[in-house]
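Welcome! Take a moment to turn the model around on your screen, and then let us walk through it together.

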Amino acid sequence: MSGIIGYIGNKRVVPVLLEGLQRLQYRGYDSAGIAVMKDSNLAIRRAMGKLRNLEEVVRLNPIDGTYGIGHTRWATHGAPTEENAHPHRDCHGTVVVVHNGIIENYMELKQELAEEGHVFTTETDTEVIAHLIEKYLDRPSASGAQITLDEAVRAAVQRLTGVFALAIMSTKDLNKIVAVRQGPPAVIGLGKNEYLVASDVPAILYHTRDVFFLADGDIAVLTPNGVKLMDFQGEPVTRRVHHISWDPILAEKGGFKHFTLKEIYEQPRAVRDTALGRVSPETGQIFLDEMEITEDEFQAFREIKIVAAGTSRHAGLAGKAMLERLARVPTEVDYASEFRYRDPLVDSRTLTILITQSGETADTVAGQREAQAKGSKTLAICNVLGSMVSREANGTIYTHAGPEIGVGSTKTFTSQLVGLYLFAVYLGQLRGLIPLAESKELLSALTMLPRQLESVLQKDEEYEELARHFDRASDFLFLGRGVHFPVALEGALKMKKVSYIHAEAYPAGELKHGPIALITDGLPVVVVATCDSKSADSKVRYERTVSNIKEAKARGAVIVALVTEGDREVQDMADHIITLPQTNEWLSAVLEVVPLQLLAYHIAVLRGCDVDQPRNLAKSVTVE
């Protein structure tokens, strides 16, 4: 996965491209490059490594132009070298391309083009695109006139197999950027006498909030006079323009050392905004956005499939607990990358829920289409207005978390939990399973959640001090039961993702079925052991978890326990205690994950890790 940007307008193009790449760097940081056009002269600068290396190259060897394209790369084909960095050119330097995606038939095309005399200089699949466009651009049209860049691009993309988002310029057709989407995301920004294309909204927020998302098979032609949209056959198409409500400041660090830390601290607002306008604690009602799924259909579904990846899948596992308890609907949670390939058993009686921050995760999109092909209605829980998953879904619950730049998702996870909680209560109400008094209590707990999150964040100095005990650890074990097990999974994922410490998570009840063999003297074991005092089931799980703590402690583990305020039993046996406010069993997951995020963050900082951009990772996996 990579990030692309293109700009045509009256601003200085190089700063626009570099600033845009800075906001896209979470999508890949193996190398970066820009290409700009001035009159008919094309200038390119590229550098291996992070964007600061490219900025230094541009400082030492400046370029300028009136429009241009840029790229930040997560390597797929070819090593992360300057030679393989985008933009890529054709034989004569007349066509330049930036690309996010994978061309599956590039070797076949490369051989064909080489036999025709094209000379390749890189290992990438992208270079093939530039040469293929060159091939068609050099051919005259039926009338004998020079073929246009968009005509050549249309001919070329119909030869490509795979997934790709492209931005292309040519010295043979000036004042024009051609953008293409077939799979990975591409968004067009409509400014005042300026137009942009980018992989994601944050790259263009400082220039305009009016955008539209390209659909698969779309080609956009950006010129100083506007944007023309067509399909791969050249037929005109239209796309709905969205006004993005995100404040551009949300995409800045705002005084925090890292985006990740800022986004952890934004969770009270993100949770509040996700619930805003959707709940009435006084009446116990929930108001979801209008959907193409009727109340009768919601009541008739016999099962729910949740399809997601990474952190979103962990949210889905917590959602399964909520849905089965509050709505009494059998629920399965699938890895999106597995669901799409295993011929899943879904039909018109199945509701498929897709959970995705970006709305563009390749496996999740494919899973959605697989479910729809089998007759299932789909519901998206998504953070990006107008994204692919939300456009194709029968309904969407938007998480109003705002832009998230840190590669390790934080506020989107807690917002997804709130979206799932809202839906579980809503579905339980529709099915007549939640009395009015209980509905009011459930929603009252939700309205208190932002303030409780703020109180958890106020203890950050405690978590930072706790991190000093474990920054040299080589392994972690996380345990939890019920809805707390997905929190343990998420805590382990954050630990390994940002601090590079090996971390595993298990249901606490599985400890004696193997994981206990991992426990040696001094191993940090993080146990999620909160308890909802009003729930008999929660009390039973708590007591069982206490037994597991004793077992781990007896074998030399260093216990870090998350407990509810007022707990005495665990405090007497744990080495380190994190206390959390009292809430119901389902919302406790939202509170529990925050200290685990901060623990992983502070350990990573102490170890000198790049918290916002962990090695080998990108934020949204938009190619398989």
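## A covered helix

Let us begin with helix H13, which is mostly covered: 19 of its 20 residues are buried. Keep in mind as you look that this is a predicted model. H13 takes in residues 411-430 and reaches 29 Å from its first C-alpha to its last, close to the 28 Å expected at 1.5 Å a residue. After the helix comes glycine 432, with a positive phi near 70 degrees.

## The sheet of 8 strands

Now look for the strands. Strands of a sheet pair through backbone hydrogen bonds, either parallel or antiparallel. Which order do the strands of the open sheet of 8 follow? They run S3-S2-S4-S1-S10-S9-S11-S14, and their pairing is antiparallel. At the edges are strand S3 (41-48) and strand S14 (242-243), each of which pairs on one side only.

Two helices are worth finding here. Helix H1 (residues 13-24) packs on this sheet and touches strand S1 (3-8), S2, S4 and strand S10 (195-198), with its direction at about 155 degrees to that of S1. Helix H2 (residues 51-60) lies across S2 and S3 and runs at about 135 degrees to S3. For a close-up of the pairing, try strand S2 (residues 31-38) and strand S4 (residues 67-73), which are joined in the antiparallel sense over 7 bridges. There, valine 36 stands opposite glycine 68 in S4.

## The sheet of 6 strands

Another open sheet has 6 strands in the order S5-S6-S7-S8-S12-S13, again with antiparallel pairing. Its edge strands are S5 (88-89) and S13 (226-231), each pairing on one side only. Helix H4 (residues 126-137) packs on this sheet, where it touches S5, S6 and S7, and its direction makes about 130 degrees with that of S6. Helix H5 (residues 149-157) lies across S7, strand S8 (177-182), strand S12 (218-223) and S13, at about 160 degrees to S7.

Inside the sheet, strand S6 (residues 95-103) and strand S7 (residues 162-170) pair in the antiparallel sense over 9 bridges. Which residue in S7 is the bridge partner of valine 97? That partner is isoleucine 168.

## The whole chain

Finally, step back. The protein chain has 18 helices and 26 strands. Its radius of gyration is 26 Å, close to the 25 Å that the globule rule gives for 624 residues, so the chain is as compact as a globular protein of that length. Buried residues make up 62% of the 624 residues. Among contacts with a separation of 6 or more, 71% are between residues 24 or more positions apart.

Note on methods: Residues numbered from 1 in each chain as written. Predicted model: local features only at pLDDT ≥ 70, side-chain atom pairs only at ≥ 80, totals over all residues. Heavy atoms only, no water. Helix = DSSP H or I, 4+ residues; strand = E, 2+ residues; numbered from the N terminus. Expected span 1.5 Å × (residues − 1). Buried < 20%, exposed > 50% of the residue type's maximum accessible area, 1.4 Å probe, protein only. Pairing = 2+ DSSP bridges. Contact = heavy atoms within 4.5 Å. Axes fitted to C-alpha atoms, helices over the stretch in contact; angles between N-to-C directions. Rg over C-alpha atoms; globule rule 2.2 N^0.38 Å.
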